[in-house]
Amino acid sequence: MDNLIIIHGGGPTAVLNCSLYGAMDEARRSGAVGQVFGAKGGTGGLLREELLDFGAVPEDQLQRLRHTPATAIGTSRDALEPEDYEKMAEILQRHHIRYVLMNGGNGTMDACGKLAAVCRDKGIFVMGIPKTMDNDIAVTDHCPGFGSVARYMAGTVRELAVDVRSLPIHVVVLEALGRNAGWTTVSAALAREQDGDGPHLLYPPERAFDEEEFLDRVSALYHRLGGVVVVASEGLRKADGTPIVPPIFQTGRSTYFGDVSAHLAQTIVRRLGIKARSEKPGILARASIAWQSPVDAAEAEEVARVACRAALAGESGKMVGLRRLNGPGYACETFLIPIEEVMLGERTLSTEYLTADGTDVTDAFRSWCAPLLGPALPSMARLF
């Protein structure tokens with residue numbers, strides 16, 4: 001009987017293992033495959049033929065997947081060359097693997113499309129499962145992984161804003177993940193319960209950063225409120241496209257930037273003489289099961305099950321997307337997207353979701369984002 005493999009790529013999320021569980025469980029229940037494998041460490045693990053047989057994993061460990069962050073089979077950011085795809089196809093054939101499920105973001109969907117093309121005439125079916133907390137995959141309404149990081153940002157910024165309001169003596173700049181797309185940054189807007197609540201300024205990367213304008217806004221808010229909360233993207237750039245914090249190290253294809261939050265806080269202190277501090281949750285934002293969105297977890301599992309069923313039915317070279325349905329409540333349906341429409345396409349914030357000055361979101365964004373967070377966030381007391 002033919003086998004199936006699941007491959008993870010790119011940065012982990014709080015619900016990536018939900019997709020892993022859904023794909024694995026769907027394959028086992030189908031009765032159409034022999035062994036279900038996981039590539040240990042992404043495409044590099046497949047190239048090294050390091051495969052995990054899920055049949056050898058204790059059932060109690062498998063049941064914990066949906067409540068475990070990151071990825072239990074490992075992931076990677078391997079730089080693949082054309083010959084690597086041919087080698088992967090040979091390895092798949094050698095292990096009698098006919099079905100391949102690639103779970104990841106933009107780079108992984110690019111790899112998915114290239115592998116599907118190589119396997120087209122070999123009787124191997126390759127399907128994509130979307131995953132990214134950045135929410136920047138094209139075509140799909142949103143991406144599994146985003147709802148949980150949005151819930152984390154909204155919930156922790158609500159807590160942070162209450163702290164800053166109780167001792168209003170400084171400006172706090174919190175740095176959000178998402179170098180080119182500001183979805184994670186602006187999701188912090190859902191922290192607000194009342195007028196005047198933080199965050200007070202949002203700086204996504206879609207709008208050019210102007211230091212003088214930033215300082216003017218911070219100064220005005222500080223003198224009115226005393227305590228100010230700013231959420232800024234790690235990918236802020238000036239009008240000429242250069243990052244506001246120069247790269248500090250580069251190796252191979254990877255570039256490492258300095259902390260945007262620290263830079264902005266230091267600028268506030270130096271230029272305005274106002275006390276400021278920086279916060280950078282970083283990967284804590286994508287690794288929090290405590291803030292995992294149940295909506296996100298359920299959708300992550302469902303898209304994986306749909307991808308598995310599609311591959312077993314002979315579909316290949318496609319990714320499962322989510323399409324929001326019209327109606328009084330929140331509901332989405334799944335659909336298949338040709339992988340060519342997704343490969344390395346980057347979805348940034350649309351203008352309808354940002355205010356004219358780019359430092360806040362519109363009601364349209366709040367309405368779009370709120371259901372993805374799941375249950376209402378804990379409400380905070382405000383006595384005056």
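Tutor: Let us begin with burial: a residue is buried under 20% relative accessible area, exposed over 50% and partly exposed in between, with a 1.4 Å probe and protein chains only as cover. Strands (E, at least two residues) and helices (H or I, at least four residues) are DSSP runs numbered from the N terminus. The model is predicted, so local features need pLDDT of at least 70 and side-chain atom pairs count only at pLDDT 80 or more, whereas totals for chains, interfaces and linings use all residues. Residues are numbered from 1 along each chain as its sequence is written, and side-chain values use heavy atoms, with hydrogens and water left out.

Student: How many residues of β1 are buried?

Tutor: Six of the six residues of β1 are buried, so the strand is largely enclosed by the rest of the structure. Both of its faces are covered, with N3, I5 and I7 buried on one side and L4, I6 and H8 buried on the other.

Student: Taking N3 as a single case, what does N3 touch?

Tutor: A contact here means heavy atoms within 4.5 Å. N3, which lies in strand β1, touches G34, Q35, F37, H95, H96, I97, R98 and Y99, leaving aside residues up to four places away in sequence. N3 counts as buried because its relative accessibility is 5%.

Student: Which strands are joined to β1 by bridges?

Tutor: The general idea is that two strands pair if DSSP finds at least two bridges between them. In this model, β1 is joined to β4 by six bridges, and the two run parallel; one can be located at L4, whose bridge partner in β4 is Y99. Three bridges join β1 to β2, again in parallel, and there I6 has G38 of β2 as its bridge partner.

Student: In what order do the strands of the seven-strand sheet lie?

Tutor: The order is β3-β2-β1-β4-β5-β12-β13, which makes an open sheet of seven strands with mixed pairing. Its edge strands are β3 (51-53) and β13, each of which pairs on one side only. The twist from one strand to the next averages 30 degrees.

Student: Where can I see the mixed pairing in this sheet?

Tutor: Strand β12 (residues 318-324) runs parallel to β5 (residues 125-130), to which two bridges join it, but antiparallel to β13, to which seven bridges join it. Residue M319 is a convenient place to look, as M319 is the bridge partner of G128 and also stands opposite I337 in β13.

Student: Which helices lie across strands of that sheet, and at what angles do they run?

Tutor: For such angles, axes are lines fitted to C-alpha atoms, for helices over the stretch in contact, and the angle between N-to-C directions runs from 0 to 180 degrees. Helix α1 (residues 16-30) lies across β1 (3-8), β2 (36-39), β4 (97-104) and β5, at about 175 degrees to β1. Helix α5 (residues 106-119) lies across β4, β5 and β12, running at about 165 degrees to β4.

Student: What is the order of the four-strand sheet?

Tutor: That open sheet has the order β7-β8-β6-β11, with parallel pairing. Strands β7 (201-203) and β11 (276-279) are the edges, each pairing on one side only. Neighbouring strands of this sheet are turned against each other by 20 degrees on average, with direction ignored. Within it, six bridges join β6 (residues 171-176) to β8 (residues 228-233), and V171 has V228 of β8 as its bridge partner. Helix α6 (residues 146-166) packs on this sheet, where it touches β6 and β8, and its direction makes about 150 degrees with that of β8.

Student: Turning to the surface, which residues form a nonpolar patch?

Tutor: A patch of this kind joins nonpolar side chains (Val, Leu, Ile, Met, Phe, Trp, Tyr) within 5 Å, from residues with over 30% relative accessible area and no salt bridge. Here I248, F249 and Y256 form one, with about 350 Å² of accessible area together. I248 belongs to strand β9 (residues 247-251) and counts as exposed because its relative accessibility is 63%.

Student: Is L344 buried or exposed?

Tutor: L344 is exposed, with a relative accessible area of 56%, and is placed in the loop between β13 (332-338) and α11 (363-369). L344 touches N106, G107 and D110, not counting residues up to four places away in sequence. Its C-alpha atom is separated by 39 Å from that of D195, which is 149 residues apart along the chain.

Note on methods: Patch = residues over 30% accessible without salt bridge, like charges linked within 9 Å, V, L, I, M, F, W, Y side chains within 5 Å. Areas by Shrake-Rupley, 256 points an atom, 1.4 Å probe, with all protein chains shown as cover. Salt bridge = Lys/Arg side-chain N within 4 Å of Asp/Glu carboxyl O.
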